[in-house]
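Take a look at the model below. The walk-through starts from a database annotation and then turns to a helix.

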Amino acid sequence: MKFLSFKGGIHPPESKKATESLSIETARDPQKVIIPLHQHIGAPCQPVVKVKDYVKVGQMIGEAHGFVSAPIHSSVSGEVKEVAVRAIGGGREAVCVVIESDGKFEVHESIVSPGDYKLMEPSEITKVIQQAGIVGMGGATFPTHVKLSPPAEKSIDTVIINGAECEPYLTADHRLMLESSDEIVEGLLIIMKAVGAQKGYIAIENNKPDAITTMLQAVSEIPGIQVVSLQTKYPQGAEKQLIDACTGRQVPSGGLPMDSGVVVNNIGTAFQIAHSFKTGMPLIDRITTVTGTCISEPKNLRVRIGTSVADLIQQCGGYKETPGKLILGGPMMGIAQEMDEVPIGKGTSGILAFNENEAIIPDPVNCIRCGKCIDVCPIHLMPLMISENALKERMDEAEKYHAMDCIECGSCSYICPSKRPLVHSIRVAKSSIMAKKRQEKK
């Protein structure tokens, strides 16, 4: 089998052995959940419950306002104890619904299967996905129904399901492919019908040969779907890089995957779509990898949304030494946390805890103009020039070097021998450029 890839990228240590062979376990049911009403890119939800209300599993507790948004549902049954602003990690805060579970997990009356997707119109399929609150579960959390609603002039002929899981340490998608392959294929078929695509790819890095074999068996009798093997390389799972590797198409600067006739969704997203069509249950849980040098018993856990990180770490035997860094997501693009008393959200693909030695960040020195950051950039940018202008607050110059095209993968920072804060300064530049554009619109 040919291993597909893209130009650029890096190959950091994979560090997946601790969990790649461990079956998914169901986490202990939480006694209390703290469910943020902003778990997606776009407008936050507005609460539709109040203190002392009794809610059931799958009941909507946060209503989406705006097209780029996704409703939020309760993951437990019990009494609403609080609707207030809480810390949700990474220095961020959001309005959260705090629910004390009664342990009954009574399912809301509205939870019924929407029916056979084969008999539905594309718009009906998309509506079901929207009402289920499904978002990109690889970590980006972009509302899925928006991806599946391209403008009339954008013709979609290909759907790619991202099974690369190129971030080190994470194995949630790997295990999901091994244990729920048929549901993933069903989710892909639903997506293909929603956008009218005739071709589907399931793209998997070649460090997961068992997943490749399993998915090949699952699609063996299904026309139009192909399992492709990718070279193990980071960021192989980024949308533009997947499209390049699988189809040879290039997404234009400033464009979206739909501009190249492609829609990309994560393995977990495809699984959830199939699950919601089969059961009617919205997105209320997800698979999360809990691992790192400080975790006593690393695991892949199915977790109810709103469960605290601290609870999950305790279920994994707790910390075996003093943690120096805690990250939600992968080590390359995840967000460092200041505490573990924060809730799991729809995009929490991993919980990583590292010891104090691994948390040391070397002091940066002057750029030596080696060009390594340019060589590895998967978007073919000049990170050193964007960063230099950002650090000198020359944001207009940074924009001229296409700062807004940066996918913030961190490859440049990883490879830099001078340990320059490349991706961090580029993020600052992007935020400044976007703020300026919003101000100009006003």
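Cys373 is found in helix H9. The model is predicted, and this cysteine is a good place to enter it. Is Cys373 buried or exposed? Its relative accessible area is 8%. Cys373 counts as buried because that value is under the 20% cut-off. Beyond its neighbours within four places in sequence, Cys373 is in contact with Pro383, Leu384, Cys412, Ile415 and Leu422.

Cys373 also carries an annotation. The unreviewed UniProt entry lists a "binding site" that covers Cys367, Cys370, Cys373 and Cys416. These positions are spread over 50 residues of sequence, yet they cluster in space. The largest C-alpha distance among them is 10.7 Å.

Now move to Cys367. Where does Cys367 lie? Cys367 sits in the loop that runs between strand S18 (350-355) and helix H9 (372-376). Its relative accessibility is 32%. Cys367 therefore counts as partly exposed, since partly exposed covers values between 20% and 50%. With neighbours within four places in sequence set aside, Cys367 is in contact with Leu384, Ser418 and Arg420. Leu384 appears in the contacts of Cys367 and in those of Cys373.

Turn next to helix H3, which spans residues 172-179. How many of its eight residues are buried? Six are, and the helix is mostly covered. Ala172, Asp173 and His174 are buried, and so are Arg175, Leu176 and Met177.

Technical notes
Residues numbered from 1 in each chain as written. Predicted model: local features only at pLDDT ≥ 70, side-chain atom pairs only at ≥ 80, totals over all residues. Heavy atoms only, no water. UniProt positions renumbered as here; feature names shortened; annotations may be inferred. Helix = DSSP H or I, 4+ residues; strand = E, 2+ residues; numbered from the N terminus. Buried < 20%, exposed > 50% of the residue type's maximum accessible area, 1.4 Å probe, protein only. Contact = heavy atoms within 4.5 Å.
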